[in-house]
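Please look through the sequence and the model below before reading on. The notes are meant to be read with the structure open beside them.

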Amino acid sequence: AVVSTQSTGTTYRILYYVYIKNTSDAMKAIARLTAAEKDNEDIRFGVAVFNAWSSRNYYRFFRLYLDAPKMSGYLMDTFVQRERNNAMQCLVKAYKPAISVAKVTATLGYPDTETAMVYLDELNVVFTNPSKTAIDCKKTTIET
């Protein structure tokens with residue numbers, strides 16, 4: 001039980017470093033991990049989240065978020081919206097002239113299109129058509 005508590009604490013510390021955007025301390029914490037800690041499933045999750053976040057691999061980051069073990073998902077809730085905004089900013093730049101709502105839904109880790117549409121409406125994105133199936137990347141500006 002002690003090892004499990006320590007590994008969970010280490011995982012949460014790594015996620016906290018992502019929350020406060022502290023790459024340096026996260027890398028130090030990861031470098032200090034023992035071989036046994038590196039084999040722990042929870043710690044591997046925390047390291048994977050850090051690696052996806054620090055490399056801006058948003059697809060991987062949101063896949064990990066959807067499969068977060070224990071309370072990790074709740075901790076990630078505190079910064080996942082910030083990362084969605086950053087990812088959306090990148091998508092709008094990369095996919096000019098347009099990107100499908102289905103692609104955004106999948107990339108940003110939303111469980112369904114309806115949930116993604118609430119987010120997109122809050123961002124005031126410009127759609128290419130009245131049926132709102134694609135985002136006009138030329139006319140859309142994302143503020144972070």
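The points that follow go from the whole chain to single residues.

1. Please keep in mind throughout that this is a predicted model. The secondary structure of the chain comes to eight helices and two strands, and, read from the N terminus on, the order of the elements is α-α-α-α-α-α-β-α-α-β.

2. As for overall dimensions, the C-alpha trace spans about 55 × 25 × 20 Å along its principal axes. The chain has 144 residues, of which 43% count as buried. When contacts between residues at least 6 apart in sequence are considered, 58% of them join residues at least 24 apart.

3. Turning to the surface, the chain exposes about 8,100 Å², and carbon and sulfur atoms supply 53% of that area. The chain carries 18 positive and 14 negative charges, and the mean positions of these two groups are 7 Å apart.

4. Which residues make the nonpolar surface patch of about 290 Å²? The patch is made by Tyr16, Tyr19 and Ile20. Of these, tyrosine 19 lies in helix H1, which covers residues 2-19. Tyrosine 19 counts as partly exposed because its relative accessible area is 39%, a value that falls between the cut-offs of 20% for buried and 50% for exposed.

5. Is aspartate 42 buried or exposed? Aspartate 42, which is found in helix H4 (residues 41-54), has a relative accessible area of 8% and is therefore buried, since buried means under 20%. Leaving aside its neighbours within four places in sequence, aspartate 42 is in contact with Ser7, Thr8, Thr11, Pro69 and Lys70. A useful distance to check in the model is the one from aspartate 42 to aspartate 67: these residues are 25 apart in sequence, and their C-alpha atoms are 12 Å apart in space.

6. Serine 72 deserves a similar reading, and its place is in helix H6, which runs over residues 72-94. Its relative accessibility is 2%, so serine 72 counts as buried. Where does serine 72 make contacts, once its neighbours within four places in sequence are left aside? The residues in contact with serine 72 are Thr11, Tyr12, Leu15 and Phe45.

7. Finally, it may help to read the two contact lists side by side. Thr11 is among the residues in contact with aspartate 42, and Thr11 is also among those in contact with serine 72. Please find Thr11 in the model and trace these contacts from there.

Note on methods
Residues are numbered from 1 along each chain as its sequence is written. This is a predicted model: local features need pLDDT of at least 70, side-chain atom pairs count only at pLDDT 80 or more; totals for chains, interfaces and linings use all residues. Side-chain values use heavy atoms; hydrogens and water are left out. Helices (H or I, at least four residues) and strands (E, at least two) are DSSP runs, numbered from the N terminus. Buried means under 20% relative accessible area, exposed over 50%, partly exposed in between (1.4 Å probe, protein chains only). Contact means heavy atoms within 4.5 Å. Accessible areas come from the Shrake-Rupley method with a 1.4 Å probe; for residues, only the protein chains shown count as cover. Lys and Arg count as positive and Asp and Glu as negative; His and the chain ends are not counted. The place of a charge is taken as NZ of Lys, CZ of Arg, CG of Asp or CD of Glu. Patches are made of residues with over 30% relative accessible area and no salt bridge: like charges are joined within 9 Å, nonpolar side chains (Val, Leu, Ile, Met, Phe, Trp, Tyr) within 5 Å. A salt bridge is a side-chain nitrogen of Lys or Arg within 4 Å of a carboxyl oxygen of Asp or Glu.
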